[in-house]
2 protein chains.
Amino acid sequence: MNDPKNRSDIPDIIIARLPRYLRVLNLLRESKKTTNSTELGEMLGYSAAQIRKDFSQFGEFGKQGTGYNIDFLIVKLQEILQVNRTWDVVLIGIGNLGKAVLNYRGFEKQGFFIRGAFDDDPAVKGQIIGNRPIQDLSNLESFIKEFDIRIAMIATPASEAQAVADLLVSYGIKAILTYASTILNLPADIHVEYSDPIVSLQHIAYYL
Amino acid sequence: MNDPKNRSDIPDIIIARLPRYLRVLNLLRESKKTTNSTELGEMLGYSAAQIRKDFSQFGEFGKQGTGYNIDFLIVKLQEILQVNRTWDVVLIGIGNLGKAVLNYRGFEKQGFFIRGAFDDDPAVKGQIIGNRPIQDLSNLESFIKEFDIRIAMIATPASEAQAVADLLVSYGIKAILTYASTILNLPADIHVEYSDPIVSLQHIAYYL
DNA sequence: ACGTGTGAATTTCTTCACAGCC
DNA sequence: GGCTGTGAAGAAATTCACACGT
């Protein structure tokens with residue numbers, strides 16, 4: 001048996017698949033108790049071997065002959081990803097998209113709580129959206145520090161995203177999910193994820 | 001010199017990077033005429049060699065000693081991705097997110113025109129959002145066929161996404177961008193992209 | 001018999017390093 | 001001198017295939 005490895009030894013390409021596993025497990029959980037690598041592979045378009053290899057990086061989660069207990073596997077994957085707890089998040093940029101984000105309940109269902117919403121625009125400042133008041137950017141630093149927040153979401157126009165990201169990093173933010181359609185230039189220890197539908201559409205256009 | 005390869009010979013991992021290249025090129029274009037693989041690599045976090053290798057799959061786009069002409073490179077990448085034209089798109093699901101999508105101008109700036117917006121909910125049906133009337137799903141088939149639409153975006157709740165996707169495919173849709181937080185089970189020739197912020201947040205949580 | 005976990009084999013992806021052209 | 005394009009080398013990811021536990 002393999003010892004579970006040091007966190008930093010595990011390639012990101014595997015980490016990136018773990019949330020996908022959680023997605024299908026959450027789907028399967030509604031109708032059954034156990035699953036196996038073949039079933040998971042078919043649902044995700046991966047090979048069964050790959051799924052077993054991925055899990056084996058972290059321990060032995062299955063039983064020969066039986067497969068994986070779904071609830072148990074979910075717990076283990078949540079532990080690995082550190083999502084077996086809640087995280088506080090700040091959101092910068094309250095345009096159409098920011099408002100949709102504030103009104104969406106899905107984040108907190110998965111443990112991500114948008115604690116603060118910020119925008120400079122006088123037209124939205126002070127409004128209450130999805131129960132949260134829109135605050136001025138001048139409150140951002142103290143807010144992040146008071147609640148020890150490490151994750152930020154950026155939903156500003158592309159033109160402001162870099163400046164906002166620089167601010168966030170200077171205030172201690174460690175991970176950013178940005179919806180802005182521009183590449184951010186940040187220190188290497190800051191983890192950035194891009195959610196850019198144009199990139200996705202351009203990708204699928206190739207195959208049409 | 002390498003012959004440009006058959007489309008299907010080129011690995012998807014390279015295709016997936018092309019839209020990223022376009023992103024930084026659009027940024028660079030504002031301030032300069034040419035760039036090179038080192039600069040592009042630094043901005044994207046890739047090695048210079050990888051960028052040259054990627055481009056070399058499709059032809060010779062650079063000049064020794066000079067680098068790449070930005071405008072020319074943009075044109076070539078757009079050709080490859082088939083985004084040197086416009087595409088019509090339908091959007092299903094007009095909740096908070098769907099409305100934000102309809103009001104966002106960024107899609108058409110990149111050539112993706114949301115021609116039709118559909119939802120079953122009587123509360124939104126008939127409304128005009130971002131200049132487009134919200135239509136009943138019963139119009140969907142004829143709409144897709146009349147305008148020969150191949151791309152759909154799904155912004156429904158997760159619980160309805162699979163049923164909507166099945167419908168879309170049966171009407172001839174070939175590519176889907178879904179915001180719904182569930183895995184879709186579709187024929188292999190349908191290209192699906194997921195835009196799921198929870199997956200992204202769970203991914204970065206690992207590194208906190 | 002079923003299905004995991006895993007070394008070994010294979011395939012794919014990335015980097016190296018340099019000839020060649022501007 | 002600067003920088004591309006690219007074979008060859010090297011690294012990484014995936015798949016194979018089977019021993020072993022249930």
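**Exercise 1.** In this predicted model, decide whether B:Asn131 is buried or exposed, and then describe its backbone and its surroundings in the chain.

*Solution.* The relative accessible area of B:Asn131 is 70%, and because the exposed class begins over 50%, B:Asn131 is exposed. Turning to the backbone, phi of B:Asn131 is positive, about 75°, although this residue is not a glycine. As to its place, B:Asn131 lies in the loop that runs between β6 (128-129) and β7 (132-135) of chain B.

**Exercise 2.** Carry out the corresponding analysis for A:Asn131, asking where it is placed and what its phi is.

*Solution.* A:Asn131 is found in the loop between β6 (128-129) and β7 (132-135) of chain A, and its phi, near 75°, is a positive value in a residue other than glycine. With 71% relative accessibility, A:Asn131 counts as exposed.

**Exercise 3.** Describe the interface of chain B and chain A, beginning with how many residues each chain gives to the contact and how much area is buried.

*Solution.* Chain B and chain A each supply 54 residues to the contact, and between them they bury about 5,600 Å², of which 66% is on carbon and sulfur atoms. Within chain B, the residues that lose the most area to chain A are B:Arg23, B:Tyr206 and B:Leu208, together 16% of what that side buries. Across the interface there are 2 salt bridges; one of the residues just named, B:Arg23, forms a salt bridge with A:Asp196, in which the closest N and O atoms are 2.7 Å apart. On the side of chain B that touches chain A, helix α10 (residues 197-205) of chain B provides the largest share, 9 residues, and the residues of that side divide into 34 nonpolar, 12 polar and 8 charged.

Definitions and conventions. Residues numbered from 1 in each chain as written. Chains lettered and ligands numbered in written order. Predicted model: local features only at pLDDT ≥ 70, side-chain atom pairs only at ≥ 80, totals over all residues. Heavy atoms only, no water. Contact = heavy atoms within 4.5 Å. Buried area = accessible area lost by both parts, 1.4 Å probe. Salt bridge = Lys/Arg side-chain N within 4 Å of Asp/Glu carboxyl O. Helix = DSSP H or I, 4+ residues; strand = E, 2+ residues; numbered from the N terminus. Nonpolar A, V, L, I, M, F, W, Y, C, P; charged D, E, K, R; others polar. Buried < 20%, exposed > 50% of the residue type's maximum accessible area, 1.4 Å probe, protein only.
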